[in-house]
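Trainee: Could you walk me through one part in close detail? I'd like to look at the nonpolar side chains.

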Amino acid sequence: MEYGRRSTMQPHGDPYGNARSNLPVPSTVKKSTHGHGRMSLAGPAMRAPYPIPPGTNPRQSLMRSQNVNPLLQSASKPQNYGRTPMRSNNRRGSMWQGGSQGSAPPSSQTYAKDTRPLRDKSFQAKMRQDVATFLISTGFEVAPQMLQNITGKDFRAVFQHLILYFDPLWPFKPEQRFEESFMQALKAMKYPYLGQIDIKWLPTPAAMHSWPALLGMLHWLVELGRAREHYMDSGHPTLQDPALIPEEFNDIHHHLALAFDHNSRAYEVFLQGQDVFPEEEKMLEERYARKDAQVFTDLEQLRERLKEIHAEWEQLKKSAPPFEELKKDNGSLRRDKLKFEEILRRFEERKQKWTRLVQDEKTELEYNLANLEKMRAEEQRLSDIVKVQNLSPEEVLRMNTEHESLTREVESLKHKIAETSQVVVRLEVSLTRKVSDAEEALDQYTSLLSTLGLFPPLPPPLEDIDLTIDLHSAAANPQGLLSGADIRKVVKPTLSRITEMKRTAHADVESERIRVDDELDQLNLECETIEEEVLEVMNKTNALSDQADELREAAQQEALVSNAEASRLERDLAAARTAAMANGVGVKSRLQALQIAYREQVEKLNRLKEDTVRAVIKNSSDIVAFKDEVSKQLQYLREFAEAN
């Protein structure tokens, strides 16, 4: 085999139109004997003719993504996969074509009408709870009251977090307006109710006319995220995760997952400068060997069973025919038949005997019923005789009195029944009001739970407790009016425990606040002390500056005096020269004396200048050192304050 140069081949056309990077494709170690090039592990059905390599960058990608599901196109591959150290003008983009969609002409697609009860308060509370729970589960900090009165900044942060959860490579550009990226992202996510959202709502998303639709959109994204999580955790073969492949499999997606894993490992080796992949091919062979191990085991067991059957067949051929055993079995079965017939005859006789007994009992029952009718007729005859008998006046008076008393009792009972009906009507009205009050109280209770952030799941150690309560006013059993946790045994103790926890936390916070206030007071005292020191040093600095200014003025005055003296001496010297020239050499001694005096005055002037410069430099150095020291002290004070 020749290793002089590394060969690459152009990939076939992508039937799904996915974005491809221009990375080199390693050639296979196995050379085909048919002369048609290397075939794909997925079969030749999806191979297209090789396109003409581009002139600018001929490097093509080996990665053939089998994930046509948009939920997996960002999650099935590592973000840094397949990147080479070579410089390339092409980069792999996001799965959402944000840039092209933003410049595309508007589509004539009609959007569906949202049938969800977005204006319902209870439904909005449920959506807020679902959105908050999902955001917390994905690592986004959400305050309990944020979704009740959301700001434009918070809404943008929540929306971008949800979009980046689906596609971490989504290009949110800081210089791009949020309205443009908002509509592009929703179009890319295929939001079905996009026509009911106006981008003018985004600056004030918490408005009454805009928040239900925007909250419904966030809830739709959350439901989509939950569906994605369910799909990612479902272990479905289309995930193409090698860790989820069972030992035995026949699904085409499992084969494609192993092929993709093999190609990925081989491509990593190829990027390191190798053209042969013995370890990767060995791993693939071992994986398929494990897949076929159980099949080979079953095959060996079937072969052993076949050998046993052959041995049994040979033994049966060598042994005598089983006719004699069958004759014996037939004789025993015939004897058993006779026995069962005798048993059936006996049970039939017993049945007839019990039938006769039942018939006798029925006859006796009819005779007793006839006697009962005769006795009832006799009772009726005696009652008629009693009715026609003459009664005494006392008995008649007593009977009339009893009749009147019974009549009065009946009237009173009717009156009580009417009063009872009125009381029932009043109680029904009162019950309706009480039920309405109870529903309002439960609504307030639910709102307080939402406001206080006590919807499940509760913070540890109360994560297993659900404080929500529902009212069923139509329940027949009073025990079923309220559904949920028991108010006396669970809700009240839990609320008391939460109150105690909050009080404890408040006390801890108050103690921490007092400690911090104490530290701040100490820092303020230190700051005042340092300010006093700074003022004192500033006063000293000002005094030194004043002294320097006085020295400078004195030096300037002395310089002026020296200059005036020098000018006067020069004039005297000029006059002396003139007088010497006029009077002769007699004044030479005077000229020398004046020159000596002039040199002394010049030396004195230079010495004063040097002293002034040294004093100014010294004062400036002191001022700079003082400023540096003050800056260091202030910086140390700031760092100490920030650290505490």
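Mentor: Patches join residues with over 30% relative accessible area and no salt bridge, like charges within 9 Å and nonpolar side chains (Val, Leu, Ile, Met, Phe, Trp, Tyr) within 5 Å. Areas are Shrake-Rupley with a 1.4 Å probe, and for residues only the protein chains shown count as cover; a salt bridge is a Lys or Arg side-chain nitrogen within 4 Å of an Asp or Glu carboxyl oxygen.

This is a predicted model: local features need pLDDT of at least 70, side-chain atom pairs 80 or more, while totals for chains, interfaces and linings use all residues. Residues count from 1 along each chain as its sequence is written, and side-chain values use heavy atoms, without hydrogens or water.

On the surface, Phe-340, Ile-343 and Phe-347 form a nonpolar patch of about 330 Å². Ile-343 sits in helix H8, residues 323-388 (helices are DSSP runs of H or I, at least four residues; strands are E, at least two; numbering starts at the N terminus). Ile-343 counts as partly exposed because its relative accessibility is 40% (buried is under 20%, exposed over 50%, partly exposed in between; 1.4 Å probe, protein chains only).

Now inside. The largest nonpolar core (buried Ala, Val, Leu, Ile, Met, Phe, Trp, Tyr and Cys joined through side-chain atoms within 4.5 Å) has 41 residues, and Phe-155, Phe-159, Phe-182 and Met-217 touch the most other members. Helices H2, H3, H4 and H5 each supply at least two residues, with H5 giving the most, eight. Beyond neighbours within four places in sequence, Phe-159 has contacts (heavy atoms within 4.5 Å) including Phe-178, Phe-182, Met-217 and Leu-221. A second, separate core of eight residues includes Leu-449 and Ile-498.
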